[in-house]
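Ready for a few exercises on side-chain contacts? Have a go at each task yourself, then read the worked solution under it.

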Amino acid sequence: MSVFSPKIAILVRRNYWESGATPGNTNSHRSVPDIMAAILQAGGVPELIFQGSPHQASDFDALVLPGGGDVDPRFYGQELGPAVDPATVDSELDAFQIEWTRAALQARLPLLGICRGMQVLNVAAGGSLVQDLAGDHLPQRVLHDPLLRSQAVHPIAIAPGSALAKLWGATRMDVNSIHHQGLDTLGTGLEAVAWAEDGVIEAVEVAAAPWQRGVQFHPEDMRSQQPFQQLFDQLIADVIELRASTTSGKL
Ligand code: MN
């Protein structure tokens, strides 16, 4: 049995405690407590990290980028389109998360991006986003019924041979879906490994790193179902294994 409990940084906005839950999860209030619970259940120690923290990515064993509002399109070379509410854009949060993500990409530090977090990962790697999926992808009823957030609303097809397919032993899964943006051009080193039926990218992996992944759905909302908690279990187990192999390599 391992005595090492990986420290997992969850990067959140500075005013996290001052804001409340919003229908679209703009401030990540809905998802962060469930992410923390999933990490704790998996044997990790979650820690909230805010913009302006004196810490850096290398102080942690892994990073989690939670869901939230839209990334400022200027970070991927576009102007704000009509579907992006300027009031919900937080450029300081974007810059903070992108900086930490780039450090993680450089250092091959394990990282899980969830929903907006997967979009931040893509932008940090030089990719771009679809500013609005035009209402075709997000089931609007999900926004107005919080109970539906923990229910599967569309299937995804998973690339055989991907880490996600290996984890689940499946190339198809039904997932929840609470996003109006999606990945457009992929960032350097990122591979799409899952797609919704309309072609929207639902998961990415960095092939060159041991554990850097993004999912467009919210596994933390569905963690009462084994496959979704498994994603967090595997992150923590793999981080422990990575640490063990790195340590023994140094001896
Ligand atoms: Mn979706």
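## Charges over rings

Arg213 lies over the face of Trp211, 3.9 Å from the ring centre. Keep in mind that this is a predicted model.

**Exercise 1.** Find the ring that the charged end of Lys7 sits over.

*Solution.* Start at Lys7 and look for the ring under its charged end: that ring belongs to Phe60, and its centre is 5.3 Å away. A charge counts as over a ring only within 6 Å of the centre (there is an angle rule too). Now stay with Phe60: together with Phe96 and Trp100, Phe60 forms one aromatic cluster.

## Ring pairs

**Exercise 2.** Work out whether the rings of Trp168 and Phe228 are stacked, tilted or edge-to-face.

*Solution.* Step one is distance: rings pair if their centres lie within 6.5 Å, and these two centres are 5.6 Å apart. Step two is the angle: over 60 degrees counts as edge-to-face. The planes of Trp168 and Phe228 sit at 70 degrees, so the pair is edge-to-face. Step three is to place the partners in the chain: Trp168 is in helix 5 (residues 163-168) and Phe228 in helix 6 (residues 226-250), so the pair links distant parts of the chain, 60 residues apart. Both Trp168 and Phe228 are buried. In total, the structure holds six aromatic pairs.

## Salt bridges

**Exercise 3.** Say which parts of the chain the salt bridge between Asp90 and Arg13 ties together.

*Solution.* First check the contact: the closest N and O atoms of Asp90 and Arg13 are 3.3 Å apart, and the cut-off is 4 Å. Next, locate each residue. Asp90 is in the loop between strand 3 (62-65) and helix 2 (91-107), while Arg13 is in the loop between strand 1 (7-12) and helix 1 (32-42), so the bridge ties together parts 77 residues apart in sequence. Asp90 and Arg13 are both buried.

**Exercise 4.** Do the same for Arg223 and Asp34, whose side chains meet in a salt bridge.

*Solution.* The N to O distance here is 3.8 Å. Arg223 lies in the loop between strand 11 (212-215) and helix 6, and Asp34 lies in helix 1, so this bridge ties together parts 189 residues apart in sequence. For exposure, Arg223 has a relative accessible area of 24%, so Arg223 is partly exposed. Asp34 comes to 26%, so Asp34 is partly exposed as well.

**Exercise 5.** Arg74 and Asp72 meet in a salt bridge too. Is each one buried or exposed?

*Solution.* Their N to O distance is 2.9 Å. Arg74 is exposed, at 54% relative accessible area, whereas Asp72 is buried, at 2%. The full count comes to five salt bridges.

How values were computed. Residues numbered from 1 in each chain as written. Predicted model: local features only at pLDDT ≥ 70, side-chain atom pairs only at ≥ 80, totals over all residues. Heavy atoms only, no water. Phe/Tyr/Trp six-rings, centres within 6.5 Å; stacked < 30°, edge-to-face > 60°. Helix = DSSP H or I, 4+ residues; strand = E, 2+ residues; numbered from the N terminus. Buried < 20%, exposed > 50% of the residue type's maximum accessible area, 1.4 Å probe, protein only. Lys NZ or Arg CZ within 6 Å of the ring centre and 35° of its normal.
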